2 protein chains.
Amino acid sequence: MRITFLGTAGAGGVPRYGCDCRACTRARADLAWQRLPCSALIEADGQRILLDAGLMDLHERFPAGTLDAIVLTHFHADHVQGLFHLRWGKGARIPVYAPPDAEGCADLYKHPGLLEFRPLRAFEPFTLGALRITPLPLNHSKPTFGYAIEATSSARFAYLTDTLGLPAQTEAFLAAWQADGLAIDCSSAPTEIPGNHNDWSRALASIQCVAPRHAWLTHIGHGLDSWLIEQPPELAPDIHIAHDGAIIEISAAVRSAPQPC
Amino acid sequence: MRITFLGTAGAGGVPRYGCDCRACTRARADLAWQRLPCSALIEADGQRILLDAGLMDLHERFPAGTLDAIVLTHFHADHVQGLFHLRWGKGARIPVYAPPDAEGCADLYKHPGLLEFRPLRAFEPFTLGALRITPLPLNHSKPTFGYAIEATSSARFAYLTDTLGLPAQTEAFLAAWQADGLAIDCSSAPTEIPGNHNDWSRALASIQCVAPRHAWLTHIGHGLDSWLIEQPPELAPDIHIAHDGAIIEISAAVRSAPQPC
């Protein structure tokens, strides 16, 4: 299973408009440090699936017919704003799987164009080709699902944005599931008041609890990037900081009996 | 007064995603024929004002501090979607003048960030520097204002998207106002059923009625562009088809007594 981190930013991106902090200055000088709206491309078993649609140029990156489905974590603008343009296209309809959110975002439901919204239910798996995907409730300010994705190779990847910690049922599911790879919201440096997103400490705590073989921190704000420059922390070798454009290959492990969280 | 047509497309743009019509094929082969979300930059009397904010890369085109204000015609996504990212910036607040629309678009009101929304009233002029701007109600599916903009030089420019025809009061105002330049919604080739936008015939009828010295057709759909390729109509020399990136200079005329519409 191949994962491409298309964007790894929290809302506002890196660089943030008008900001001259160390992280934003670095990202303006070298686009390799830029972070676009948080999203990923999953390629496995002949499927190409876009996880979240906040990139502003989706219609250029993915010409008609090159995506099998879009899967949304939630309907905040930075996760869906690329759909406002894409929807007016012509040709085959694009299935858009999403949490059940009666509000959606702006007039996407009223004028879906070629998008076909398909609301999901928590813990009820659906299939895309041979991929089996389980929606997992997250803790956020709008109905939000993370996704546990399993390929026929048994490779398992979980994608968990946006969230502050994990609901108990989701944590229990993942602790038993034994992910080969996991990407998780880590929006800010350690803080006492994290809002609706993980800070550094809470992201690491969730990773420790669900024990994936490898984890990637994503949905990263400019404040966290600045902290990483100024006070680079030690990080276990199986925990990584995601970057835009990074491609990872997830393969299946021999699984053992799960440990209690 | 300098006007730059930053975008001249109807919703969906040209080329439209997945479309292989003549206009879309031409726009893919030659970006000079591309049309981005409808918007314009007004520069006069030391002011830089953005009319509508649908361009996806506003935060890159206009670094912090380079815009004095944003003026919105209405809150449809293709006219405001660039704000979703821009709002999370740092620095001076940006005034955003707009029609009174309790709904707005998505969570822009809830999380305005550095944007400062200022609702306007129909026919009650406001000033930006030395510019005097009068909001004019239009006929659309959401509360929508066109704008009559006058510089200290007395140059007058009216911007009228999105609309189907013109309300009687707006038409009367403009007929008396004697615009030097006017840009108007012209979304489609002549049609019996134009929806919430002008087709070719209705746009020309409104221009004839309000009699500007020069008029530009904008908010152009791929269907209209295809029709212009296949059946190019004769057009009066003072009526022009707008293109992305076109810059026009509006100067003041000696005005005569207005003619009844």
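Q: How many salt bridges are there between chain B and chain A?
A: The count between chain B and chain A is 0 salt bridges, where a salt bridge is a side-chain nitrogen of Lys or Arg within 4 Å of a carboxyl oxygen of Asp or Glu. This is a predicted model, in which local features need pLDDT of at least 70 and side-chain atom pairs count only at pLDDT 80 or more, while totals for chains, interfaces and linings use all residues. Residues are numbered from 1 along each chain as its sequence is written, chains are lettered from A and ligands numbered from 1 in the order in which they are written, and side-chain values use heavy atoms, with hydrogens and water left out.

Q: And what kinds of residues make up chain B's side?
A: The side of chain B that touches chain A divides into 15 nonpolar, 9 polar and 4 charged residues; here Ala, Val, Leu, Ile, Met, Phe, Trp, Tyr, Cys and Pro count as nonpolar, Asp, Glu, Lys and Arg as charged, and the others, Gly among them, as polar.

Q: OK, how much area do the two chains bury?
A: Chain B and chain A bury about 2500 Å² between them, with 67% of it on carbon and sulfur atoms; buried area is the accessible area (1.4 Å probe) that two parts lose on being put together, summed over both.

Q: Which three residues of chain B supply more of that than any other three?
A: They are B:Tyr17, B:Met56 and B:His85, which supply 32% of the area that chain B buries against chain A.

Q: New topic: what does A:Leu83 touch further along the sequence?
A: Leaving aside neighbours within four places in sequence, A:Leu83 is in contact (heavy atoms within 4.5 Å) with A:Ala53, A:Ile70, A:Leu72, A:Leu108 and A:Leu115.

Q: And how many residues of each chain are in contact across the interface?
A: There, 28 residues of chain B are in contact with 28 residues of chain A.
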